[in-house]
Amino acid sequence: MKYILNLLLLVVVLTPCQAQKFKPALHLTKGDTYYLISTGTSAIAQSLNGQEKKVNIALSFSMAFKVTDVMDSVYKMEVRYQSLDMKIQMADTTIDMDSKKNSILDVPSTVIAAMMNKPFNIILSKSGKVRSVENIEKMINNVFDGFPQIDSAKKGQIKKQFMQSFGAN
């Protein structure tokens, strides 16, 4: 009898402790602007032809997301980079790109600076998943078209790298 009472007491005590199902969701307002500020680092070590190669990347950026439309389960948003700072260190080479630098001699930073406050669009689900990215290619093409001093072969190579880093995929 004592075991049955203890078991009954245990069931009564643990019944309210059931896990509650909770599905996080965004509740954004049409016309409002939301901001994302992020900083991250990455250290990559790989072996190529028996030699160890190390690459360190530091990335810091801020973006503004303006809700342009709210539909059943998605948000349409206009997105703009506000600042971007990236430093890549590999072997004896360092590439430093910063949208806040103002020097025509620093071509990578000038290209990054030209991307600032240029809009592109995303469709975001209420759970926060990016469903699609639109017009980013147009933005990147417009940025590179503004640099006639870069020869077309080098421009094509840099544009390809930018599309891999910042493109829709």
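What is the volume of the largest pocket? The largest pocket measures about 420 Å³ in volume, as computed on a predicted model. The legends below treat the overall chain, its strand pairings, an aromatic pair, the core and this pocket.

**Figure 1. Overall arrangement of helices and strands in the predicted model.** The protein chain contains 4 helices and 6 strands. Along the sequence these elements occur in the order α-β-β-β-β-α-β-β-α-α. The chain has 169 residues, of which 27% count as buried.

**Figure 2. The loop between α1 and β1, with G31.** G31 is placed in the loop that links α1 (2–14) to β1 (33–48). With a relative accessibility of 43%, G31 counts as partly exposed. The C-alpha atoms of G31 and F65 are 10.0 Å apart in space, while the two residues are 34 apart in sequence.

**Figure 3. The hairpin of β1 and β2.** Strands β1 and β2 pair in the antiparallel sense, and 16 bridges are found between them. Within this pairing, S42 stands opposite I57 of β2. The hairpin has 2 residues between its strands, and N49 in the turn adopts a positive phi of about 55°.

**Figure 4. The hairpin of β2 and β3.** Strand β2 (residues 51–70) is paired with strand β3 (residues 74–90) over 15 bridges, in the antiparallel sense. The two strands form a hairpin in which 3 residues lie between them. D69 has K76 of β3 opposite it.

**Figure 5. Further pairings of β3, with β4 and β5.** Strand β3 is joined to strand β4 (residues 93–98) by 6 bridges, and the two strands run antiparallel. Q89 has T94 of β4 as its bridge partner. The hairpin of β3 and β4 has 2 residues between the strands, and A91 takes a positive phi near 50° there. Strand β3 is also joined to strand β5 (residues 120–125), again by 6 bridges and in an antiparallel arrangement. In this second pairing K76 stands opposite I123 of β5. K76 is thus shown with two facing residues: D69 and I123.

**Figure 6. The aromatic pair of Y81 and F120.** The model contains 1 aromatic pair. The ring centres of Y81 and F120 are 5.9 Å apart and the ring planes meet at 40°; the pair is therefore tilted, since that angle falls between the limits of under 30 degrees for stacked and over 60 for edge-to-face. Because Y81 belongs to strand β3 and F120 to strand β5, the pair ties together parts of the chain that are 39 residues apart in sequence. Y81 counts as buried because its relative accessibility is 9%, below the limit of 20%. F120 is likewise counted as buried, at 5% relative accessibility.

**Figure 7. The largest nonpolar core.** This core comprises 31 residues, and those touching the most other members are M63, M77, M115, F120, I122 and F162. At least two core residues come from each of β2, β3, α2 (107–115), β5, α3 (136–145) and α4 (152–166). Strand β3 provides the largest share, 7 residues. F120, a member of the aromatic pair with Y81, is thus also among the core residues with the most contacts to other members.

**Figure 8. Helix α2 and the residue N117.** The buried residues of α2 are S109, T110, V111, I112, A114 and M115. One of them, M115, is also listed among the core residues that touch the most other members. Just after the helix, N117 takes a positive phi of about 60°.

**Figure 9. The largest pocket and its lining.** The pocket, about 420 Å³ in volume, is lined by 18 residues, of which I88, I95, M97, Q161 and F162 are the closest to its centre. Elements β2, β3, β4, α2 and α4 each contribute at least two residues to the lining. Helix α4 gives the most, with 7 residues. By residue class, the lining is made up of 14 nonpolar, 3 polar and 1 charged. F162 appears both in this lining and among the core residues that touch the most other members.

Methods. Residues numbered from 1 in each chain as written. Predicted model: local features only at pLDDT ≥ 70, side-chain atom pairs only at ≥ 80, totals over all residues. Heavy atoms only, no water. Pairing = 2+ DSSP bridges. Phe/Tyr/Trp six-rings, centres within 6.5 Å; stacked < 30°, edge-to-face > 60°. Buried < 20%, exposed > 50% of the residue type's maximum accessible area, 1.4 Å probe, protein only. Core = buried A, V, L, I, M, F, W, Y, C linked by side-chain atoms within 4.5 Å. 1 Å grid on protein atoms, 1.4 Å probe; cavity = no way out; pocket = protein on both sides within 12 Å on 5 of 7 lines; lining within 4 Å. Points joined across faces, edges and corners; volume = space filled by probe spheres on them. Nonpolar A, V, L, I, M, F, W, Y, C, P; charged D, E, K, R; others polar.
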